[in-house]
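Here are some short exercises on helix packing and charged pairs. Try each task with the model open, then walk through the solution.

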Amino acid sequence: MKYKSQHVALAYFGVALLLFAVQVFAGLLAAWIYVAPNTLSELLPFSIVRMIHTNALVVWTLLGFFGAAYYLVPEEAERELFSVKLAWVQLAILTAGTLAAVAGYLFRIHGGREFLEQPLWVKYGILVAALIFLFNITMTSLAGRKTAITNILLLGLWLLSLLWVFAIINPDNLALDKMYWWFVVHLWVEATWELVMAAILGFLMLKLTGVDREVIEKWLYVIVAMALFSGILGTGHHYFWIGAPGYWQWVGSVFSTFEVAPFFAMMTFSFVMVWKGRKNHPNKAALLWSLGSATVAFFGAGVWGFLHTLHGVNYYTHGTQVTAAHGHLAFYGAYVCINLAIMSYAIPVLRNREPYNQVLNITSFWLMTGGVAFMTFTLTFAGTVQTHLQRVMGLYYMEVQDQLVLFYVMRFGAGAAVVLGALLFIYSQVAVRREIVAPGPAVRPSLQPGE
């Protein structure tokens, strides 16, 4: 660890991993409810389980981003964090807000907007925490060295924080409400979060491969340009059926086809950097998660997104299990994997250890990735059957659900593999023994900065 203030990132990663465990267990319970719908139907109905699953996912992903920023920005800026105390205050606000929101969900207290169910006061608390973070990280950056990685990271984090304002605005007009809702949900995951992902991936490639910074920065600027060009107007593929003007069907369809490009560029970028790299970095787990993130994101967000993003196709598949297949693979690849990649790289440095438990870490990658991939295929087949029976043949929704039980059983099995992989990852990061230094006059060489 090069700068002492980077250590605050460890607390963010710890809380993020705790919520990660909550998220995957809630997801496994939700998957079982698809198989046995009456499970905990009165005590913990599916709607509440799903809220906990999706909200925990969003919050722990954001905490991972914040932790990544507190780790890499001081190193990129070549100076200590502006204020460690502010970082702790921000973490306290986010943790308290998360606990309060989950407690409210259990007592049926929520706002009702999907993914944005948090009570209004919690949303204001999140906004305050975001402003604290932006001030802290921006002051750190302005006082130090400016790099493309820092600039892109800050751009993504500023935009995602400002877009949160639309989570607070809740107009009475349903079409306008949905447009504002998509400003948050889509422009987060398919625009601003892509910038954060690209910045973290660039930082990891810089550290793990040894490729010159100039080469990495050129790639990053191209990726960011494509992400913003396609992502902003690509939002239109969510406007097809919400009462927006008809031209959005063409704008959304055309620009959504370009959304494959930045993810393909990130995948190509990652493998080219490894191919050109001069460094044989010992942390193979972090490299595997980095390459896996770019690859799975391309298939999940790019290929599976394109499968049903054209309005002629979306007319039939909208709201079916095809959407769930795309969402699970895309979110896992783009944002879960990149967070686990930066954790796999940073935690050994923050705890002053060489990369540890890499067998468990790598095993967790294949378990989770294989589980999510199998889940995606089962949901894709389920969605195809559902589309034909429900949207083409006109069968009732519940009639169709009865014919999808086999797919849901297989999805539950895949979810169990994901939970096991998540627990293995958490164990590999937390339950480590202290290194034993051999006695003698020889002094163990210290880690190089950022390695």
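Helix axes are lines fitted to C-alpha atoms over the stretch in contact, and angles run from 0 to 180 degrees between N-to-C directions. Helices are DSSP runs (H or I, at least four residues), numbered from the N terminus. This is a predicted model, in which local features need pLDDT of at least 70 and side-chain atom pairs count only at pLDDT 80 or more, while totals for chains, interfaces and linings use all residues. Residues are numbered from 1 along each chain as its sequence is written, and side-chain values use heavy atoms, with hydrogens and water left out.

**Exercise 1.** Describe how α7 and α11 cross, and list the residues that meet.

*Solution.*
- Step 1: Start with the axes. Those of α7 (residues 174–209) and α11 (residues 284–307) come within 10 Å, crossing at roughly 145°.
- Step 2: Find the hand. This crossing is left-handed (the near helix is turned anticlockwise from the far one by less than a right angle).
- Step 3: Collect the contacts (heavy atoms within 4.5 Å). From α7 come Met-197, Leu-201, Leu-204, Met-205 and Leu-208; they meet Ala-286, Leu-287, Ser-290, Ser-293, Ala-294 and Ala-297 of α11.
- Step 4: Sort these residues by type. Nine are nonpolar, two polar and none charged (Ala, Val, Leu, Ile, Met, Phe, Trp, Tyr, Cys and Pro count as nonpolar; Asp, Glu, Lys and Arg as charged; the others, Gly among them, as polar).

**Exercise 2.** Find which parts of the chain the salt bridge between Glu-114 and Arg-50 ties together.

*Solution.*
- Step 1: Apply the rule: a side-chain nitrogen of Lys or Arg lies within 4 Å of a carboxyl oxygen of Asp or Glu. The count comes to five salt bridges.
- Step 2: Check the pair. Glu-114 and Arg-50 meet with N to O at 2.5 Å.
- Step 3: Place both residues. Glu-114 sits in the loop between α3 (84–106) and α4 (120–142) and Arg-50 in α2 (residues 46–77), so the bridge joins parts 64 residues apart in sequence.
- Step 4: Look at accessibility (buried is under 20% relative accessible area, exposed over 50%, partly exposed in between; 1.4 Å probe, protein chains only). Glu-114 is partly exposed at 28%, and Arg-50 is partly exposed at 31%.

**Exercise 3.** Decide whether Lys-207 and Glu-75 are buried or exposed, and locate their pairing.

*Solution.*
- Step 1: The Lys-207 and Glu-75 side chains form a salt bridge of 2.8 Å, N to O.
- Step 2: Lys-207 belongs to α7 and Glu-75 to α2, 132 residues apart.
- Step 3: Lys-207 is buried at 13%, and Glu-75 is buried at 4%.

Definitions and conventions
Helices (H or I, at least four residues) and strands (E, at least two) are DSSP runs, numbered from the N terminus.
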